[in-house]
Amino acid sequence: MALKGLDIFKLTPKKNCKDCGFPTCMAFSMKVAAGAAKIEKCPHMSEDALAKLSEATAPPMKTLTIGKGDSEYKLGGETVLFRHEKTFVNRNRFAVVLSDSMNDEEINAKIENIKKVNYIRIGEEMKVEIVALKYEGNKDNYINLINKVKTSELKVAYMLICEDSAVLKEALELVKAENPIVYGATKENYKEMVELVKADKLALGVKASSLEELYGLVEDIHKLGHKELILNPGSSSVKEAFTNTVQIRRIALKEGDRTFGYPSVLFVNEIAKDDKFMEIALSSLFTVKYGSIIVINDIDYVRALPLFALRQNIYTDPQRPMRVEPKVYPINNPDENSPVLVTVDFALTYFIIAGEIERSKVPMWLAIPDAGGYSVLTAWAAGKFGGSSIANFIKESGVADKTKCRKLIIPGKVAVLKGDIEDNLPGWEVVIGTNESMELPKFLREFNEELRTAKA
């Protein structure tokens, strides 16, 4: 149960030194109790007090770190059931499963698919983050499979799916330095599994035949001193997986029961029974409710585009708009004769406008100033997208060095800015564009033809 401010205050040094950034120890304690400050901000806490308070004030769901280097990810740490209450913290991760029963052709194809599906969306790299390596009875093949993935140049975290502790011990030596997930603890083997992962504090995946059995198994693992766990809510049916996943999250967050305060792993590939589109549907479901790791059979753009976009939308702060980087974007291979079009940095606006420019096939420099992440009219009304700010961006962006064309196209809905921009941007002609994005391709083609005719 979380401590109250007075309980925390009793463990502070009561120096009122302000080193934590707050005027008094009591003020600091109240902020810690409310979750607005971390106990580690006090540099004078005793180690004993820190140990007690860190556990008591930690989120009801534990945060786990998996992987290493560029493939390091955090799971869990959630504090709310619904995104609108606050925000979700650590996004779910997708894992593609490979097994020792697959032939080289199947394995190579999946590895190539993982490499192929890698793209940037709104400044974030979209890719599969985890490879789940499943042991199905052939130890030599399993060891070879792990080595094959290691030498494939995939930048991924590893998840070893194996219930045989003897095989797992040998397999673990190959990837232990990569901080892998070890999945396969059951009521029959949990002692041996804990023994393998405890020293290195590796994440241990736990499964059971029912929610009650899973709860008891987690308690038994706690008694052995290991609290780096990932829970499998079940995969025998959609109903079981969904009901148990939600129940685990509610017990942890609403009832404050840390026994279930861990990330979850959903084997969507097993529930979907080789139905690719059912797999996409279920992966979407558990992206929202509440799969920390979602295991799928394979990856391609049919799966990736909806799943990665949904995840990015769900795991962004609803109070902060999605933005693209303010800069000049070349579209359709523009050159020194290409005009400039300006719009805002709101991600949806950028992707719509960029798509319409691509569709027009007209070479264009797309200028994106800092407009606060708002839409065109909202940014204009808020003073973020005005004549002086647009003119200053054009001057500072260096686009004038990229093109000799001094035509600047602005959105039709802010035509009122034309005079102000021209006053602040001598030598440039401001052209009023369309009100609607769907009219842009026709407008740009006609405008481009006029430019060519004028030169002739």
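The side chain of Ser-264 reaches the backbone oxygen of Tyr-290 at 2.8 Å. This polar contact belongs to a predicted model of a protein of 456 residues, 50% of which count as buried. This briefing covers the overall fold, the annotated cysteine set with its cavity, and two polar residues in loops.

**Ser-264**

- Ser-264 is placed in the loop that runs between α9 (238–253) and β11 (265–267).
- With a relative accessible area of 6%, Ser-264 is buried, because the cut-off for that class is under 20%.
- Apart from neighbours within four places in sequence, the contacts of Ser-264 include Tyr-290, Gly-291, Ser-292 and Ile-293.
- Ile-230, Leu-231, Pro-233 and Thr-245 are also among the residues in contact with Ser-264.
- Tyr-290 therefore appears twice for Ser-264: as a residue in contact, and as the owner of the backbone oxygen that the serine side chain reaches at 2.8 Å.

**Asn-179**

- Asn-179 lies in the loop between α6 (165–175) and β8 (181–185).
- Asn-179 is buried, and its relative accessible area is 13%.
- A polar atom of the Asn-179 side chain lies 3.0 Å from the backbone oxygen of Thr-65.
- When residues up to four places away in sequence are not counted, Asn-179 touches Thr-65, Ile-66, Gly-67, Lys-68 and Leu-202.

**The annotated cysteines**

- An unreviewed UniProt entry carries the annotation "binding site" for Cys-17, Cys-20, Cys-25 and Cys-42.
- These cysteines span 26 residues in sequence, yet no two of their C-alpha atoms are more than 9.6 Å apart, so the set gathers at one spot.
- Cys-17, Cys-20, Cys-25 and Cys-42 from this set also belong to the lining of the largest cavity.
- Cys-17 is found in the loop between α1 (5–11) and α2 (25–33).
- The relative accessible area of Cys-17 is 31%, and this residue is partly exposed.
- Cys-25, by its place in the chain, is part of helix α2.
- Cys-25 is buried, with a relative accessible area of 9%.
- Leaving aside neighbours within four places in sequence, Cys-25 is in contact with Phe-9, Thr-12, Lys-14, Lys-15 and Asn-16.

**Cavities**

- The model holds 3 cavities of 30 Å³ or more.
- The largest cavity contains about 80 Å³ of space.
- The lining of the largest cavity consists of 15 residues.
- Of these lining residues, Cys-17, Lys-18, Cys-20, Cys-25 and Cys-42 lie nearest the centre of the cavity.

**Overall fold and surface**

- The secondary structure of the protein comprises 18 helices and 17 strands.
- The C-alpha trace spans about 80 × 65 × 35 Å along its principal axes.
- Among contacts between residues at least 6 apart in sequence, 67% join residues at least 24 apart.
- The accessible surface of the protein comes to about 21900 Å², and 50% of that surface belongs to carbon and sulfur atoms.

Definitions and conventions
Residues are numbered from 1 along each chain as its sequence is written. This is a predicted model: local features need pLDDT of at least 70, side-chain atom pairs count only at pLDDT 80 or more; totals for chains, interfaces and linings use all residues. Side-chain values use heavy atoms; hydrogens and water are left out. UniProt positions are given in the numbering used here, feature names are shortened, and annotations may be inferred rather than shown by experiment. On a 1 Å grid over the protein atoms alone, a cavity is a set of points where a 1.4 Å probe fits but cannot get out, and a pocket is an open set with protein on both sides within 12 Å along at least five of seven lines; lining residues have an atom within 4 Å of a point. Helices (H or I, at least four residues) and strands (E, at least two) are DSSP runs, numbered from the N terminus. Buried means under 20% relative accessible area, exposed over 50%, partly exposed in between (1.4 Å probe, protein chains only). Contact means heavy atoms within 4.5 Å. A polar contact is a pair of N or O atoms within 3.5 Å; within protein, one must be able to donate a hydrogen and the other to accept it, and residues adjacent in sequence count only if both atoms are side-chain atoms. Accessible areas come from the Shrake-Rupley method with a 1.4 Å probe; for residues, only the protein chains shown count as cover. Grid points are joined across faces, edges and corners, and a volume is the space filled by probe spheres set on the points.
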